[in-house]
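Let's take a walk through this structure together, looking at how its rings and charges are arranged. Have the chains in view as you read.

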Amino acid sequence: MSSLLFDEPGPRARRRIRIATVVGAVAVLGLLALAVRQFAANGQLDADRWQPYATWPMWRYLLNGLWSTALAAVVSAALSMAAGLALALGRLSRRRWVRVPAATYVEVVRTVPALLLVYVVLFALPRYGLDLPLFWKLVVPLSVSNAAAFAEIFRAGIGSIERGQSEAGLAVGLTYGRTMRLIVLPQAARRVLPSIVSQSVGLLKDTSLGFVVSYAELLYSGKVLATYNGLLIQTYIVVALTYLVVNASLSKLARVLEARTPQARRPRRRLIRA
Amino acid sequence: MSAFLDHLPEFWEGLIVTLQLIAASFAGAVVVGFVITAMRVSPVGVLRGIGTAYVETFQNLPLLVLLVLAVFGLPEIGIKASLLVTAVVVIALYEAAYIAEALRSGVNSIAVGQGEAARALGLTFGQSLRHVVLPQALRTVIQPMGNIFIALTMNTALAGAVGVVDLTAAANRVNLMEAQPIPIFVGAGLAYALIAACVGLVTGRLERRLVMVR
């Protein structure tokens with residue numbers, strides 16, 4: 001193989017590559033060995049500390065948490081996508097009184113940490129008589145913050161549709177609204193599908209803030225479990241691996257979708273593999 | 001408003017901790033990100049694999065899970081470090097994956113001829129990376145890097161959830177004492193917005209000066 005940075009390796013380069021391969025492999029194995037030794041030295045590798053995670057009740061509990069994670073993620077994804085679409089259309093509106101508030105919302109919310117929004121819903125709103133149920137204490141701040149992100153994705157998608165498309169719609173006598181709905185949005189939706197999926201992965205990661213609001217999603221379930229059985233590092237490793245499997249599958253889906261979007265079908269010179 | 005002014009010292013300390021978190025973890029993330037990118041574009045298959053695995057792992061794990069694992073889990077295997085250091089290391093490792101991804105797309109955007117020209121001049125892999133490819137790649141990734149910096153700023157707030165008394169945690173503490181949420185949280189939000197605005201200003205300047213139109 002050759003790429004931007006190197007040609008087909010010759011004999012000397014091949015030798016160097018072999019050396020680097022061995023060094024890299026040894027470094028990784030060394031790190032792993034070090035970690036295993038550290039676990040073993042502190043008695044964290046004992047079978048009875050891992051055995052519980054081979055039993056069904058433990059997994060049933062964690063999978064319950066994963067279900068709550070999915071529920072929170074799906075509801076906030078739906079809410080923030082709807083709000084995001086409205087904000088994106090608002091930002092593109094010709095009416096100033098629609099455009100300015102939408103733009104302000106997006107720009108302000110993008111610069112406030114989600115955790116701060118969670119604290120506001122958790123501690124500030126109850127003082128004004130708005131004490132939401134636990135589920136909504138997580139879903140509302142996540143939707144508020146992700147709406148801004150989705151708005152930017154949709155705006156970029158709409159902006160990427162060639163002008164001629166909406167001009168054609170208007171030329172055949174469609175109204176602005178129908179042009180958007182029938183011509184521009186369906187095309188934009190296909191283009192931004194990969195970004196939407198990866199933003200949704202981000203949203204799923206954000207649901208781990210349930211840890212703060214005591215909503216029993218996966219991470220908080222792990223916390224409860226670890227407090228109960230005292231297997232701190234084992235529990236959190238299992239929780240992390242569960243997140244990894246779920247999110248990696250979703251990211252994989254995003255890549256499959258990306259390979260199928262219209263732009264990607266145009267031949268493009270790939271410079272670097274992997 | 002007085003709730004905010006009475007507790008300026010607490011806010012100030014929180015802000016300092018937040019700025020420390022931002023500066024230290026961004027510096028660390030840039031260094032690790034560069035190393036991972038170099039591995040991902042190298043001709044050595046094993047290194048490419050390690051780089052890809054690194055990016056995949058860290059991009060698919062919630063930062064809060066990593067923070068919880070490091071803060072509560074690592075002491076269990078005898079690794080003890082101060083809370084702030086642990087938070088900085090975790091945030092740096094996490095954001096490095098995003099920086100590596102941005103840099104790689106920057107490298108990908110460079111025309112093949114540039115690399116061929118560098119080799120034709122007899123530059124080695126390291127030399128062509130350093131003198132030809134990276135300077136151009138960096139110029140194309142200023143805006144994504146700015147976005148990563150802002151995301152990192154927002155993400156440092158999560159350190160507050162595992163016990164670091166940063167700006168978010170300080171705001172929360174003051175609110176628990178004063179019970180005046182509006183001025184307190186708006187004040188903290190403004191501080192974050194200000195940091196983000198500064199980053200936006202700097203990257204905008206840099207972009208106008210350095211970006212290459214191809």
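A good place to begin is a charge over a ring: A:Arg94 lies over the face of A:Tyr176, 4.8 Å from the ring centre. Keep in mind that this model is predicted. Chain A offers another such contact, in which the charged end of A:Lys223 sits over the ring of A:Phe211 at 4.7 Å from its centre.

Now let's turn to rings that meet rings. Over all chains, the count of aromatic pairs comes to seven. One of them joins A:Phe135 and A:Tyr215 in an edge-to-face arrangement, with 5.6 Å centre to centre and 65° between the planes. Because A:Phe135 lies in helix α6 (residues 134–159) of chain A, while A:Tyr215 lies in the loop between α9 (210–213) and α10 (218–229), this pair ties together parts that are 80 residues apart in sequence. A:Phe135 counts as buried, at 17% relative accessibility, and A:Tyr215 is buried too, with a relative accessible area of 10%.

For another pair, move over to chain B, where B:Tyr54 and B:Phe58 form a tilted one, 4.5 Å centre to centre with 35° between the planes. Both residues lie in helix α3 (residues 45–59) of chain B, four residues apart, or about one turn of the helix. B:Tyr54 and B:Phe58 are both buried.

Back in chain A, A:Phe135 and A:Tyr215 also belong to one aromatic cluster with A:Trp136.

Finally, step back to look at chain B more broadly. An unreviewed UniProt entry places the feature "domain: ABC transmembrane type-1" at residues 15–203 of chain B. That span is 80% helix and 0% strand, and its end C-alpha atoms lie 22 Å apart.

Terms used
Residues are numbered from 1 along each chain as its sequence is written. Chains are lettered from A and ligands numbered from 1 in the order in which they are written. This is a predicted model: local features need pLDDT of at least 70, side-chain atom pairs count only at pLDDT 80 or more; totals for chains, interfaces and linings use all residues. Side-chain values use heavy atoms; hydrogens and water are left out. UniProt positions are given in the numbering used here, feature names are shortened, and annotations may be inferred rather than shown by experiment. Helices (H or I, at least four residues) and strands (E, at least two) are DSSP runs, numbered from the N terminus. Rings of Phe, Tyr and Trp (its six-membered ring) pair if their centres lie within 6.5 Å; planes under 30 degrees apart count as stacked, over 60 as edge-to-face and the rest as tilted. Buried means under 20% relative accessible area, exposed over 50%, partly exposed in between (1.4 Å probe, protein chains only). A charge sits over a ring if NZ of Lys or CZ of Arg is within 6 Å of the ring centre and within 35 degrees of the ring normal.
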